[in-house]
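The following exercises treat a single protein chain and its ligands. Please attempt each task with the structure open before reading the solution.

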Amino acid sequence: MVAEALPALEDRLEAVARAHGFVAFGIADASAAPQTAERLNQWLAEGRHGDMIWMESRAAQRGSPKGLWPEVRSVIALGMSYAPAQDPLALAEHPDRGRISVYAQGGDYHDVVKRAMKAVARWLVAEAPGAEVKVFVDTAPVMEKPLSAAAGLGWQGKHSNLVSREHGSWLFLGAIYTTLELAPSNPGRDRCGSCSACQDACPTQAFPAPYQVDARRCISYLTIEHNGPIPLDLRRGIGNRVYGCDDCLAVCPWNKFAETAHAHRAFLPRAELVAPSLADLLALDDAGFRQVFAGSPIKRIGRGRMVRNAAIAAGNSGDAGFRPVLERLAEDDTPMVAEAARWALDELPL
Ligand code: B12
Ligand code: SF4
Ligand code: SF4
């Protein structure tokens with residue numbers, strides 16, 4: 001009797017990844033995307049990372065998988081969907097509300113994606129004894145977008161994020177590096193064509209050229225990463241966004257294939273984060289901030305940045321009703337909060 005052959009390791013690995021909630025899967029050779037290191041260095045040389053010094057401090061490791069781990073042979077790229085059920089741009093017309101970007105309205109993806117990746121990696125090690133693995137999501141010196149594109153999950157769109165034919169712009173990415181030599185997938189093909197919707201939609205003109213983002217002008221950077229006063233000329237463009245920005249992602253025509261049903265349920269929005277009132281955000285103290293944003297990626301920015309952002313949104317609202325709370329905040333102990341409140345008062349009618 002002939003024993004039935006098992007499907008290839010790559011196919012079984014994909015099935016395990018899907019069972020753990022990953023809707024996108026692919027494999028790249030660890031030497032794929034060789035142009036990435038040079039482009040990263042160019043981006044850093046132009047200062048486009050702003051004050052994210054962690055982007056430059058391990059640039060050699062970030063630029064290529066082998067720069068980080070010389071023994072790595074293959075990269076397993078994984079994507080989890082957070083496709084929203086509502087139009088992320090709908091709140092633009094509600095200046096009394098703060099807009100929190102879709103990716104942060106549910107559970108913290110760092111925890112959810114990492115937990116699932118570790119389970120996949122454990123399966124792989126059990127299946128291929130001797131294999132070594134390392135799992136990464138977001139915070140490690142790893143270029144997740146070009147590696148995912150090389151592994152066939154999609155392509156880097158002109159907004160620079162990975163776009164998938166099935167899931168649009170709404171994938172969280174993660175990577176497993178392994179010493180195993182796995183059969184690579186076909187790389188993704190650029191399907192942007194002559195479209196420029198994301199470039200046209202950006203409220204702060206953060207794209208110096210298609211496929212390139214100047215983080216210093218990006219609302220995501222300004223509201224999340226940047227810890228200080230926001231440049232005056234960019235404040236109007238921020239509108240009522242208090243955490244991140246979805247505009248370039250939301251206008252992408254490929255989103256029409258992204259089914260909400262594919263979104264991982266850990267990312268379902270928490271009711272209080274969908275359309276928080278600016279008045280509530282402006283009233284937050286440290287304890288209140290920690291309570292509202294526990295379990296959310298937003299907790300990392302702390303009360304100061306959130307209230308600074310809410311003050312700018314209030315300044316953009318045209319609503320003089322915010323004046324009393326802004327007058328109190330103009331005396332706040334956190335200088336960037338006090339400064340933003342004074343700016344907002346100057347913007348609002350008496
Ligand atoms: C730093 C960072 C940021 C910075 C800088 C953004 C950026 N575009 O680099 C800021 C804070 C602005 C940011 C914002 C956001 N981010 Co972010 N971020 C990262 C991080 C940590 C590193 C990205 C990086 O390496 N940047 C360096 C630049 C040089 O790399 P690059 O963008 O790939 O640059 C390429 C292009 O410029 C291209 N290129 C350059 N020249 C040319 C010329 C031509 C002709 C062509 C074709 C290409 C080309 O080649 C470069 C190399 O691949 C990754 C996580 C990770 N470890 O990868 C998450 C990550 C990219 N972010 C993510 C998300 C979700 C966002 C936001 C949508 C969040 C939000 N809603 O507010 C926004 C989107 C803003 C935008 N349009 O990019 C996701 C993206 C998922 C996806 N589907 O792609 C990631 C992967 C996190 C994750 N694990 O899921 N982010
Ligand atoms: S996230 Fe917003 S500000 Fe940043 S590049 Fe996209 S549209 Fe522009
Ligand atoms: S909006 Fe258009 S140009 Fe931008 S990523 Fe999507 S398809 Fe590409």
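A residue is near a molecule if its C-beta atom, placed from the backbone, lies within 6 Å of it. The model used here is predicted.

**Exercise 1. Determine which residues surround ligand 2 and classify them.**

Solution.
1. Applying the cut-off of 6 Å, one finds 13 residues around ligand 2.
2. The closest of these are Cys202, Cys218, Ile219, Cys245 and Cys248.
3. At least two residues of the shell come from helix 9 (219-225), and at least two from helix 11 (247-250).
4. Sorted by class, the shell around ligand 2 holds 9 nonpolar, 3 polar and 1 charged residues. Cysteine counts as nonpolar in this scheme.

**Exercise 2. Identify the domains of the chain and describe the side of domain 1 that touches domain 2.**

Solution.
1. The domain assignment gives domain 1 as 9-94 + 106-178, and domain 2 as 197-347.
2. Between the C-alpha centres of domain 1 and domain 2 the distance is 25 Å.
3. To their contact, domain 1 gives 37 residues and domain 2 gives 38 residues.
4. On the side of domain 1 that touches domain 2, the elements giving two or more residues are strand 2 (74-81) and helix 6 (109-127). Helix 6 gives the most, with 3 residues.
5. This side of domain 1 comprises 15 nonpolar, 16 polar and 6 charged residues.

**Exercise 3. Establish where ligand 3 lies with respect to domain 1 and domain 2.**

Solution.
1. Ligand 3 is surrounded by 13 residues, and Gly157, Cys192, Cys195, Cys198 and Cys252 come nearest.
2. By class, its shell has 9 nonpolar, 3 polar and 1 charged residues.
3. Both domain 1 (9-94 + 106-178) and domain 2 (197-347) give residues to this shell, so ligand 3 lies between them.

**Exercise 4. Decide how compact the chain is for its length.**

Solution.
1. The chain contains 17 helices and 8 strands.
2. Its radius of gyration is 22 Å, and the globule rule gives 20 Å for 350 residues. The two values are close, so the chain is as compact as a globular protein of that length.
3. The C-alpha trace spans about 85 × 40 × 40 Å along its principal axes.
4. Of the 350 residues, 45% count as buried, where burial requires 20 or more other C-beta atoms within 10 Å of the residue's own.
5. Among contacts with a separation of 6 or more, 75% join residues 24 or more positions apart.

Methods
Residues numbered from 1 in each chain as written. Chains lettered and ligands numbered in written order. Predicted model: local features only at pLDDT ≥ 70, side-chain atom pairs only at ≥ 80, totals over all residues. Domains from an automatic or database assignment. Contact = placed C-beta atoms within 7 Å. Helix = DSSP H or I, 4+ residues; strand = E, 2+ residues; numbered from the N terminus. Rg over C-alpha atoms; globule rule 2.2 N^0.38 Å. Buried ≥ 20, exposed ≤ 12 C-beta atoms within 10 Å, placed from the backbone.
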